[in-house]
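Here is a quick walk through a few local features of this protein. Have the sequence and the model open while you read.

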Amino acid sequence: MAEPIEILQQYWGYSQFRPLQAEIAGSALAGRDTLALLPTGGGKSVCFQVPALCRPGMALVISPLIALMKDQVERLLALGIPAAMVNSSMSPRQIDAALEGAARGEYRFLYLSPERVGTDEFRLRLPRMPVTLLAVDEAHCISQWGYDFRPAYLLIARIRELRPELPILALTASAPPEVQTDIVQKLGLRNPAVFRASFRRPNLRYVVLEEAQPAKRILEICLRTQGSGIVYVRTRRQAETLGEVLAAQGIAAAAYHGGMKTSLRSSTQQAWIEGRTRVMVATNAFGMGIDKPDVRFVLHLSLPADLESYYQEAGRGGRDGQTALAVAFRNAPDVAELRRWAEARYPDFDQVQHHYQLLCNHFSVPNRGTTAETAHPFLMPELSAATGAPALQLYASIRILHQEGLLWLEEDPDDFGYIQVLVGPDEISRYRERSTADGEALAFILRTMGGEVYTRERPFLPDVWARRLDLPPEQLDQQLLRLEQRDLIRYRPATDRPSLRFLRPRQVLTRAALNWGKYDFLRERSAMRLQEMIRYVENTEICRSMLLQRYFGEQDAQRCGVCDVCIGRTRRRVDDGAFEQIRRVLMEAVAAGGARYQDLVRNPSAGSPAQREQVLRYLLDKGVIRSDAWGNLHSSES
């Protein structure tokens, strides 16, 4: 059996683990049930990937996000580690092939969506799978106390019933104490080892600003702060509009949201990771699985609905250990909008029942028979107009119907197709002799993708291939499907727009059938978490880092000394003469023109650098000083 540090060096090239990674991996390797709480950026995936590779066999990984699965499987395959995934974006044939491959021991990792755990295809093959470790990522999703409850996570306990010898490693980035307890109970963890990294991020400077024109202030921060940044907004329209505003001021900014095609999201994200784009203006669809070390600021134009989400998103800054700014903007209209969104997330039963009937009528759902194979295009504005139901409320009802297994909503459009060649060159040559047209498509695949396509699924854009082959896209799709039917390739077609499938014939909904008591409970919990989020931004007395740490159960939290609350207290403790002297020197330098932030901090004419920065940040935050489009500082009165 290999040592964990040897595996880390062999595949990832690191000479040492991050804090707690070695202890967590060692616990899993020893066969002990383990709960690991690592804040965003703590490297959770390494904690189960390393022990799984230390010995023969396969790790079964439960993950809730298709995009995150794809990202991790791609990274493992790029390292030469056999891995596969099973989720709703795949056809029944592809799911069957992946599960059978896992049963034959072809993979070291199988990623599975929680919804697939309860299927016969998985349960019948599980006893044959050489599984040595069960990893549950985003484990907070199993808890009704949590902010992202996923009912399908409750199915995971069935794996323990079928394979009681498997150790379970549950991982999450953010979970308050009651959620931690619930994870242990719901997963049936046996005397688990619990590892909690501190939620204190000493290099993050938490700030809350109340601004009448937050977009203007965001522009100033982007201009005066070097390095990459993220600006989180609530809607797709906000992302596009603010991205255009920043770009018009010469900032390399781009928008990112879930409505973009996968190829565009991928290229936009890659440009940001590589530094060609400096600022990403995004909805909460952005950030999962990204480990960019040099993010210097994370700004929230729109507040999230809970502190768990805020902590994870803000925590994407400063992963290299250097100072990063985490700014949340608070204003009355946004707080009112946030309350409206949070309340709409859990509609009342009569509303859900009414929306279900509207959907069944609109899509002509029958009272009996098979419905799951029919995928209906899902475009929210058009569906809202056709049914007469407000979009936000209708979407909330659809999410509940999805969770209860009445319909399936696929919101992750992917305009990439995926191909892997399953046979060797000799068989390909024989097939080309028998079938000229399809054989040419197979030869094109090999010329375009190279030898790597034999060992892993590779993405491609069907429209681009169709143009290069001078074929209608439908004909290319038919050729690739024929090659898959002959077991020459594995082919996953593109799904270029969201879709809706009804999993069951039309039902008579009752509160009991929908487990409605659960949603009353979740509505109450959601309201409580929203109040904690609002309490955070309205707080002016308690260190913001302390407030976050206490929320996550750390009772021995200490003041950070760098958030806006702490700096305000520090300023008050400095005698008036010292503060006024530093303020006067800074204002004189600003009045002289051409002053820049770092120059003023370095200016040795009054106070220490730390004191000058504290006073300067106070003046900027209060709007006494402003930044122009070139990053020069000016008095707001000039």
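## A spot on a helix

In which helix is aspartate 96 found? Look at α5, which covers residues 92-103; aspartate 96 is in that helix. Keep in mind throughout that this is a predicted model.

How exposed is aspartate 96? Its relative accessible area comes out at 34%. Exposed would need over 50% and buried would need under 20%, so aspartate 96 counts as partly exposed. If you want a second landmark, try arginine 504: it sits 408 residues from aspartate 96 in sequence, and the C-alpha atoms of the two are 22 Å apart in space.

## Two helices that pack

A bit of background first: two packed helices are described by the angle between their axes and the distance between the axes. For helix α2 (residues 21-29) and helix α3 (residues 44-53), the angle is about 45° and the axes are 8 Å apart. Angles under 35 degrees would count as roughly parallel, and 65 to 115 as roughly perpendicular; α2 and α3 are therefore oblique to each other. The crossing of α2 past α3 is right-handed.

Which residues make the contact? From α2 come Gln21, Ile24, Ala25, Ala28 and Leu29, while α3 brings in Val46, Cys47 and Pro51. Sorted by class, that contact between α2 and α3 has seven nonpolar residues, one polar residue and no charged ones.

## The sheet with β19 in the middle

Now for the strands. One open sheet has three of them, in the order β14-β19-β15, and the pairing is antiparallel. Strands β14 (376-377) and β15 (407-410) stand at the edges with a single partner strand each, so each has one side without a neighbour in the sheet.

How many bridges join β15 to β19? There are four, with β15 and β19 (residues 499-502) running antiparallel. To find this pairing on screen, go to tryptophan 408, whose bridge partner in β19 is arginine 501. You can also pick glutamate 410, which stands opposite serine 499 in β19. Over on the other pairing, two bridges link β14 and β19, again in the antiparallel sense. There, histidine 376 has leucine 500 of β19 as its bridge partner.

## The sheet with β16 in the middle

Another open sheet of three strands is ordered β17-β16-β18, and its pairing is antiparallel. Here β17 (458-460) and β18 (489-492) are the edge strands; each has a single partner strand, so one side of each lacks a neighbour in the sheet. On average, and ignoring direction, neighbouring strands in this sheet are turned by 25° against each other.

Strand β16 (residues 417-421) and β17 run antiparallel and are joined by three bridges. One handy marker is isoleucine 419, with arginine 458 as its bridge partner in β17.

## Two loop residues with positive phi

Most residues other than glycine have a negative phi. Leucine 20 has a positive one, near 75°. Leucine 20 lies in the loop between α1 (4-12) and α2, and is partly exposed at a relative accessible area of 21%.

Serine 364 is not a glycine either, yet its phi is positive at about 55°. Where is serine 364 found? It is in the loop between α14 (349-362) and β14. Buried or exposed? Serine 364 has a relative accessible area of 59%, which means it is exposed.

Key: Residues are numbered from 1 along each chain as its sequence is written. This is a predicted model: local features need pLDDT of at least 70, side-chain atom pairs count only at pLDDT 80 or more; totals for chains, interfaces and linings use all residues. Side-chain values use heavy atoms; hydrogens and water are left out. Two strands pair if DSSP finds at least two bridges between them. Axes are lines fitted to C-alpha atoms, for helices over the stretch in contact, and angles run from 0 to 180 degrees between N-to-C directions. Angles under 35 degrees count as roughly parallel, over 145 as roughly antiparallel, 65 to 115 as roughly perpendicular and the rest as oblique. A crossing is left-handed if the near helix is turned anticlockwise from the far one by less than a right angle, and right-handed if clockwise. Contact means heavy atoms within 4.5 Å. Ala, Val, Leu, Ile, Met, Phe, Trp, Tyr, Cys and Pro count as nonpolar, Asp, Glu, Lys and Arg as charged, and the others, Gly among them, as polar. Buried means under 20% relative accessible area, exposed over 50%, partly exposed in between (1.4 Å probe, protein chains only).
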